[in-house]
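User: Got a minute to go through a model with me? I'll throw quick questions at you as I look around.
Analyst: Sure, put it up.

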Protein chains: 2
Amino acid sequence: MKASFSQFVKSAIPNFPVSDEGLNTIIDSLEEFELEKGEYFLKQGKISGSMILLEGHFRCYTFNENGDEVTTAFYGPPRLIFDVASFFQQKPSLENIIALTKIKGYYGNYQTVDKIFHEYPLWREFGRAMLAKEYILFKDRTMRLINLSAEERYAHLMQTEPEIFQIAQLRHIASYLNITDTSLSRIRRDFGSK
Amino acid sequence: MKASFSQFVKSAIPNFPVSDEGLNTIIDSLEEFELEKGEYFLKQGKISGSMILLEGHFRCYTFNENGDEVTTAFYGPPRLIFDVASFFQQKPSLENIIALTKIKGYYGNYQTVDKIFHEYPLWREFGRAMLAKEYILFKDRTMRLINLSAEERYAHLMQTEPEIFQIAQLRHIASYLNITDTSLSRIRRDFGSK
DNA sequence: GAAATGACTTGTCATAAGACAAGTGAGAGA
DNA sequence: TCTCTCACTTGTCTTATGACAAGTCATTTC
């Protein structure tokens with residue numbers, strides 16, 4: 001786990017000038033964290049903390065105007081997991097984040113993370129890079145939602161995160177692609193015949 | 001302009017412990033910036049800087065798979081303007097940001113902003129808050145795209161940013177709402193009769 | 001001031017996607 | 001083993017939205 005965390009930090013910021021001791025200090029400030037399949041990292045109405053996901057997958061969902069569940073994200077390791085609005089504004093979340101598989105990682109609430117940034121200012125740069133990275137990933141996804149057709153969005157998910165199809169239900173994948181499960185089923189049928 | 005900037009900083013981070021001198025130092029590090037209507041803040045293929053928009057409105061657009069222009073954002077003051085991916089990764093942007101009206105604000109490229117953060121570490125907190133705020137705003141917009149119907153998205157824009165209807169073309173508003181200009185026209189007709 | 005241009009609306013038709021119900025098939029549990 | 005449940009697929013019909021072309025209106029331009 002420590003090795004994965006170290007690797008994650010180094011890959012996130014190539015020239016990040018941090019020692020192994022520095023890494024250990026940060027890890028010791030955080031909480032080792034595990035969840036079983038079906039457990040929640042975040043529930044609607046609660047305040048989000050942050051975790052570095054090192055093993056396992058999450059699904060994130062909310063509810064639309066009709067009260068129907070809408071899957072807004074799938075997260076695989078290594079990744080920063082948090083609800084940006086709830087975390088930074090310390091207000092109740094509108095999101096639910098549920099474990100699709102067994103989860104391992106490191107956890108910190110806002111106070112913990114803030115304390116780390118005060119005590120180890122160097123790590124602010126890591127925090128900023130993480131925030132920017134998540135923003136960029138989220139924006140990419142939104143652009144695909146806007147610019148690609150339903151079938152293209154399906155093809156993209158198949159190419160970039162095929163493992164999702166092994167661990168998530170198709171109806172959740174459908175709502176993630178912003179289509180109905182009926183439509184996804186038909187896209188898959190037609191896709192196979194090409 | 002300086003007063004607006006000061007106000008913007010203070011409203012962005014309520015308890016930000018910065019003096020008027022501190023503010024002046026930052027302003028002096030940035031470049032006073034103006035654009036006329038129709039001029040570009042950012043063109044596809046160029047690397048994005050950042051600006052604090054204090055007067056005027058921008059429209060942001062890209063192109064979808066069919067080569068059709070898609071409006072992805074409208075920005076009004078006060079606001080941080082930048083393409084997050086292009087700015088932080090210093091890579092060519094996929095976006096175009098064009099002035100809908102005369103623009104005033106303060107500009108800095110990545111080097112300038114980075115220098116400010118090194119010389120005045122206190123301002124890192126401001127940078128982080130801005131980044132988080134933009135991320136949250138962008139996420140809100142995406143959630144509306146996912147969770148609301150076309151008509152609801154139109155109603156929301158009318159309620160929250162009616163000024164956009166004065167300064168932007170309906171076909172651009174339509175693509176911002178992710179519908180065709182034909183559909184927007186019909187929504188507006190039907191909406192009036194309610 | 002006539003013609004051209006551009007923004008927007010509207011009519012007509014085509015099409016993709018949704019709603020809903022029925023059907024299939026695998027796995028869980030008695 | 002039987003049946004129950006649940007995920008998924010499929011059929012049928014409906015509906016929202018898009019494509020495209022024509023029409024209106026205001027503004028610009030020569």
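User: Which atom of DNA strand C is 3.0 Å from an N or O atom in the side chain of Ser185(B)?
Analyst: A sugar or linking oxygen of DNA strand C sits there, 3.0 Å from the Ser185(B) side chain. Keep in mind that this is a predicted model.

User: OK. What about Arg186(B), what does its side chain meet on DNA strand C?
Analyst: A base oxygen, 3.0 Å from an N or O atom of the Arg186(B) side chain. Gln169(B) goes for the phosphate instead: a polar atom of its side chain lies 3.0 Å from a phosphate oxygen of DNA strand C.

User: Which elements give two or more residues to that surface?
Analyst: H9 of chain A, plus helix H8 (170-176) and H9 of chain B. H9(B) has the largest share, five residues.

User: And which residues come nearest to DNA strand C?
Analyst: Out of 14 around the strand, Thr180(A), Ser183(A), Leu170(B), Ser185(B) and Arg186(B). On the DNA side, sugar and phosphate make up 74% of the strand C atoms that come within 4 Å of the protein.

User: How does the surface near DNA strand C split by class?
Analyst: Three nonpolar, six polar and five charged residues.

User: Now DNA strand D. Which residues come nearest there?
Analyst: Leu170(A), Ser185(A), Arg186(A), Thr180(B) and Ser183(B), from 14 residues around the strand. Sugar and phosphate account for 71% of the strand D atoms within 4 Å of the protein.

User: What does the side chain of Arg186(A) reach on DNA strand D?
Analyst: A base nitrogen, with a polar side-chain atom of Arg186(A) 2.9 Å away from it. Ser185(A) has a polar side-chain atom 3.0 Å from a sugar or linking oxygen of DNA strand D. Arg171(A) uses its backbone: an N or O atom there lies 3.4 Å from a phosphate oxygen of the strand.

User: Which element gives the most to the surface near DNA strand D?
Analyst: H9(A), with five residues. Helix H8 (170-176) of chain A and helix H9 (181-192) of chain B also supply at least two residues each.

User: Switching topic. How many residues of chain A are in contact with chain B?
Analyst: 33 of them, in contact with 33 residues of chain B. The buried area between the two chains is about 3,100 Å², and carbon and sulfur atoms give 68% of that. Tyr135(A), Phe138(A) and Ile146(A) supply 22% of what chain A buries against chain B, more than any other three residues.

User: What about empty space, how many cavities of 30 Å³ or more are there?
Analyst: Five. The largest has a volume of about 480 Å³, and the second largest about 330 Å³.

User: Which residues lie nearest the centre of the largest cavity?
Analyst: Val113(B), Phe117(B), Trp123(B), Phe126(B) and Gly127(B), from a lining of 30 residues. H5(B) gives the most to that lining, eight residues, and helix H5 (122-147) of chain A is also among the elements that supply at least two.

User: What's the class make-up of that lining?
Analyst: It has 20 nonpolar, three polar and seven charged residues.

User: And which residues lie nearest the centre of the second largest cavity?
Analyst: Leu80(A), Val113(A), Phe117(A), Phe126(A) and Gly127(A), with 23 residues lining the cavity. H5(A) has the largest share of the lining, six residues. By class, the lining divides into 18 nonpolar, three polar and two charged residues.

Note on methods: Residues are numbered from 1 along each chain as its sequence is written. Chains are lettered from A and ligands numbered from 1 in the order in which they are written. This is a predicted model: local features need pLDDT of at least 70, side-chain atom pairs count only at pLDDT 80 or more; totals for chains, interfaces and linings use all residues. Side-chain values use heavy atoms; hydrogens and water are left out. A residue is near a molecule or strand if one of its heavy atoms lies within 4 Å of it. A polar contact is a pair of N or O atoms within 3.5 Å; within protein, one must be able to donate a hydrogen and the other to accept it, and residues adjacent in sequence count only if both atoms are side-chain atoms. Helices (H or I, at least four residues) and strands (E, at least two) are DSSP runs, numbered from the N terminus. On a 1 Å grid over the protein atoms alone, a cavity is a set of points where a 1.4 Å probe fits but cannot get out, and a pocket is an open set with protein on both sides within 12 Å along at least five of seven lines; lining residues have an atom within 4 Å of a point. Grid points are joined across faces, edges and corners, and a volume is the space filled by probe spheres set on the points. Ala, Val, Leu, Ile, Met, Phe, Trp, Tyr, Cys and Pro count as nonpolar, Asp, Glu, Lys and Arg as charged, and the others, Gly among them, as polar. Contact means heavy atoms within 4.5 Å. Buried area is the accessible area (1.4 Å probe) that two parts lose on being put together, summed over both.
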